[in-house]
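Trainee: Hi! I've got a new structure to look at and could use some company. Can we walk through it together?

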Amino acid sequence: MTEFFHDCTTNERKREIEELLDNFAQQLGAWRLCLYFLSSTRNDYVMMYSLTVFENLINKMWLGVPSQDKMEIRSCLPKLLLAHHKTLPYFIRNKLCKVIVDIGRQDWPMFYHDFFTNILQLIQSPVTTPLGLIMLKTTSEELACPREDLSVARKEELRKLLLDQVQAVLGLLTGILETVWDKHSVTAATPPPSPTSGESGDLLSNLLQSPSSAKLLNQPIPILDAESEYICSLALECLAHLFSWIPLSASITPSLLTTIFHFARFGCDIRARKMASVNGSSQNCVLGQERGRLGVLAMSCINELMSKNCVPMEFEEYLLRMFQQTFYLLQKITKDNNAHTVKSRLEELDESYVEKFTDFLRLFVSVHLRRIESYSQFPVVEFLTLLFKYTFHQPTHEGYFSCLDIWTLFLDYLTSKIKSRLGDKEAVLNRYEDALVLLLTEVLNRIQFRYNQAQLEELDDETLDDDQQTEWQRYLRQSLEVVAKVMELLPTHAFSTLFPVLQDNLEVYLGLQQFIVTSGSGHRLNITAENDCRRLHCSLRDLSSLLQAVGRLAEYFIGDVFAARFSDALTVVERLVKVTLYGSQIKLYNIETAVPSVLKPDLIDVHAQSLAALQAYSHWLAQYCSEAHRQNTQQFVTLISTTMDAVTPLISTKVQDKLLLSACHLLVSLATTVRPVFLISIPAVQKVFNRITDASAQRLIDKAQVLVCRALSNILLLPWPNLPENEQQWPVRSINHASLISALSRDYRNLKPDAGAPQRKMPLDDNVTDEMLSFFLTLFRGLRVQMGVPFTEQIIQTFLNMFTREQLADSILNEGSTGCRVVEKFLKILQVVVQEPGQVFKPFLPSIISLCMEQVYPIIAERPSPDVKAELFELLFRTLHHNWRHFFKSSVLASVQRGVAEEPMENEPQFSAIMQAFGQSFLQPDIHLFKQNLFYLETLNTKQKLYHKKIFRTTMLFQFVNVLLQVLVHKSHDLLQEEIGIAVYNMASVDFDGFFAAFLPEFLSSCDGVDANQKNVLGRNFKMDRDLPSFTQNVHRLVNDLRYYRLCNDSLPPGTVKL
């Protein structure tokens, strides 16, 4: 073993040693030697290996071990544990405990009747209490939700046996915790009267109904010795695991809950940690950390109980008591003493404790608030006050984010409550109005450098996370979501809070004009003092954030409330139009500044954000457009033309990309969403048309070029709102659009070979083919009707001829290549073709199916790579789904007349081949393809009764069921257990009699690795239930027990006689 783990051992030698050790472990008598090693060696590697041999023996070969040997193992291992548990390294001791528990999982209570009693005795004897608690926790982990293969009946039996013991176990654990607490409380010196002891006017004292519990929670926290600390942490770990699976019931007594809360106070007891650090010795510091850990473990127990949604009536009172006690702790944490601000107190707490506490608050709001809020004595508003203090004094960004999530849950709860009880809307809002306005103001302050510079400067604004946003963007986005939710509930308050703040920062920005001076090379901003530059930087950053906030609120001014909130929205939009025009006119993006690396990006960002915010109001402008159309107001026309004056100068290669793209996006929104009639006649828009169609003008970056072309095209193509068809001026617009397209495609059309030159086939590289197919795919999706039949036929035929077997093989076999993408695009085009209703493209079906089944499928069938497969199967599914009558001719009338008689079938070989391909795909490891194809079959059954068709029922049904059951048995696609179970039910339900009478016995008789008696048991246990939940439960039971029997049989020594 030492050689195996030595740095100098080669991999070759390691493999040899591994083989020797594996062979040794497979011998039936190996355990005797391992027992000897365990009792005689002090080498960790040898001990660990010996325990692994036992583990393998018990979990995989136990059935074949002679009963005399089993008895010996059951008596020796616990003795070994008792003799050495104090001296063994903790990981060896824990492994030995697990091995003994594994025996219990197999043999208790029948052959190992004192397994659990032994554990209880260990816990009760002071010398072995820690050992007993470790055994108890391991038992809870291994027996309540066993991981290894056991029969379903045994799993159920174990759970029942454990539930019978719960009351005794919880009683013992309560006793241990109470004893330790009481023993140390007596010796704790009486503290001097502290200023906090007269807390009679506390927010929640009215909730703590019995003053005794308030008094109890005010007792000083005892100082524990290391041994007691260790025992309590083990007991709390046991409780946390037990609570994860036992139902809420009377076994969880009030005294147990109170005791857990006593320990939860360890987490927020700063005084003890202070004392530990003052006394200076490292041991004391460790003690301080350990005490914090007890608080974390106690909160874990509380959160396990909190996370259960199903609360029996008799447990509700306990819950209320738990909330009272936790809020008492929350009060302690957020109490504002002069010596100590709340934030520094939270900083001193253990980070994990604060996390657990936040989890508790989240569970309270998401799971229990609706239950508790109805109690008249529960002061929700005071609770929100505490949550508010807790949120805005979080020492870390992550902690603050987690608290914002809790507020979001609360705001969602309020919104849905108001929607369900519109009559009480005013009452509900009045109750919470102050809290919400306070929240809004504070969240807005938190995103401004003016109030929160130190924290905001710590945020990273460069590295992108998995969601493609920086830490700063995430911070801003989460804050603005809270602002938006408050806006939804209290629109007028929210607006009157936000707008003045925006206004202040705008004044600074609009006032910059007076500091611009002309210098030799252009314009310069004459602000140079370091302090002024810093203040300007902060003001610009804040303006940028507030512009985003104003944009985020745009949706609350449209729809039903358009008229009611019109003047507020108009004020905002007019300001935004003014700001964008101002930025474009004085060209702030090109101005020289004293600190170019800081102020220039700031100025560009504000300009870009003002355009983006204005774009957010495009739906409001569209609604205004239809109102203005009725009244023909000059105001609207001015808004749009001024906006265009602001946008046009930015559509230039001299402007930074960020700003250019913001301007282009705004242009697209005006052209697509607002679409005013007069847009095309605005001089600024004419300017853009001329720039884009001018061959000599410098080309914009690709992204911007595409956006501008899209906008110009939409101005001409999309119908003007509120105008009848005869006033749309289509002829003129059509001519303009043709000349636009002609100008845009000028260079492309010049590529055409002249007629005189000999025609040559150009070899195309895959990237060009890929782009071409993308173009044709878009063409087919959007314009197949307009293209006309002959042209469409010609294109499809050209493609079908182009993709020969060799060409396909060549493209597909380069895994992940552009070639694969080209084939996938081609299959996508065919998907569009086969979905087309009517008879036009039906003639292509035979050649499309033959391309799929004879050309593409053979190439990809056996390849493990997922390339092309998903697209091919989608094409096959669409072919069946939209062309069912290509295979099944029957008319509705005929089937009604004939009753249940079978309809005639056509193209049977093709249908069978497609089904065969689906069946094959279930034998492959790719889980995404499996899920997709199972969904396709189920859809065909729902829509077209696939499983009921004669051909499917008689020749394929039970093959599919067989494959799906085998997949379950092999555990290869375990994530899809539920979906597979439902599919098996839907297939079996077509012919339950056949399933129970013929398929099931045949399936069992073909199963290898199980004997005849076991097959009978499996058959008997599969009840003849015909409802979905019971049937799928039976399927999972069958699969589980089949695996278990195979495991048992593999463990029997060769030549065993089976009775």
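Mentor: Happy to! One term before we start: a residue is called buried under 20% relative accessible area, exposed over 50%, and partly exposed in between. Also keep in mind that this is a predicted model.

Trainee: Okay, let me try that out. Is N43 buried, exposed or in between?

Mentor: N43 has a relative accessible area of 26%, so it counts as partly exposed. You'll find N43 in the loop between α3 (30-40) and α4 (44-60).

Trainee: What does the side chain of N43 lie close to?

Mentor: A polar atom of the N43 side chain lies 2.7 Å from the backbone nitrogen of Y45. There is also a link back along the chain: the C-alpha atoms of N43 and T2 are separated by 8.6 Å, with their positions 41 residues apart in sequence.

Trainee: Let's move on to charges. How many salt bridges are there?

Mentor: The count comes to 34 salt bridges. Side chains of opposite charge can pair when their charged atoms come close. A nice one to begin with is E55 with K95, at 2.8 Å from N to O. That pair links distant parts of the chain, with E55 in helix α4 and K95 in helix α6, 40 residues apart.

Trainee: Are those two buried or exposed?

Mentor: E55 is buried, because its relative accessible area is 15%. K95 is buried too, at 18%.

Trainee: Which residues are in a network with them?

Mentor: The salt-bridge network links E55, K95, K98, D102, R105 and E142.

Trainee: Can you show me a salt bridge inside one helix?

Mentor: Sure, take D532 and R535, whose closest N and O atoms are 3.8 Å apart. Both lie in helix α24 (residues 530-552), three residues apart, or about one turn of the helix. An α-helix has 3.6 residues a turn, so residues three or four places apart point the same way.

Trainee: And how accessible are D532 and R535?

Mentor: D532 is partly exposed at 35% relative accessibility, whereas R535 is exposed at 57%.

Trainee: Got another pair for me?

Mentor: K828 and E871 meet in a salt bridge at 3.2 Å, N to O. They are 43 residues apart, K828 in helix α37 (residues 818-835) and E871 in helix α39. K828 is partly exposed at 26%, while E871 is buried at 14%.

Trainee: Switching topic: how many disulfides does the structure hold?

Mentor: Zero. If you are curious about cysteines, C625 is buried at 8% relative accessibility, and C1007 is buried at 5%.

Trainee: What about backbone oddities?

Mentor: Start with the peptide bond from W108 to P109, which is cis, with omega near 0°. P109 sits in the loop between α6 (90-107) and α7 (115-124).

Trainee: Which residues have a positive phi without being a glycine?

Mentor: K587 is one of them, with phi of about 50°, and V868 is another, with phi of about 70°. K587 lies in the loop between α25 (566-585) and α26 (596-616), and V868 in the loop between α38 (845-860) and α39 (869-882). K587 is partly exposed at 43%, but V868 is buried at 1%.

Trainee: Where can I find a hairpin?

Mentor: Look at β1 and β2, which form a hairpin with two residues between them. Strand β1 (residues 516-519) and strand β2 (residues 522-525) pair in the antiparallel sense over four bridges. T518 has H523 in β2 as its bridge partner.

Trainee: Back to helices. How many residues of α12 are buried?

Mentor: Nine of the eleven residues in α12 (residues 254-264) are buried, including F261, H262 and F263.

Trainee: And what covers the buried residues of α45?

Mentor: The cover includes α42 (927-944), α44 (957-970), α46 (992-1006) and α48 (1028-1051). Among the buried residues of α45 are I980, Y985 and M987.

Trainee: Last one: what does the side chain of H737 make a polar contact with?

Mentor: With the side chain of S713, at 3.0 Å. H737 lies in helix α32 (residues 730-744), and H737 is buried at 15% relative accessibility. Setting aside neighbours within four places in sequence, H737 is in contact with S713, L716 and L717.

Terms used: Residues numbered from 1 in each chain as written. Predicted model: local features only at pLDDT ≥ 70, side-chain atom pairs only at ≥ 80, totals over all residues. Heavy atoms only, no water. Buried < 20%, exposed > 50% of the residue type's maximum accessible area, 1.4 Å probe, protein only. Disulfide = S-S within 2.5 Å. Polar contact = N/O pair within 3.5 Å; in protein donor to acceptor, adjacent residues only side chain to side chain. Pairing = 2+ DSSP bridges. Contact = heavy atoms within 4.5 Å. Salt bridge = Lys/Arg side-chain N within 4 Å of Asp/Glu carboxyl O.
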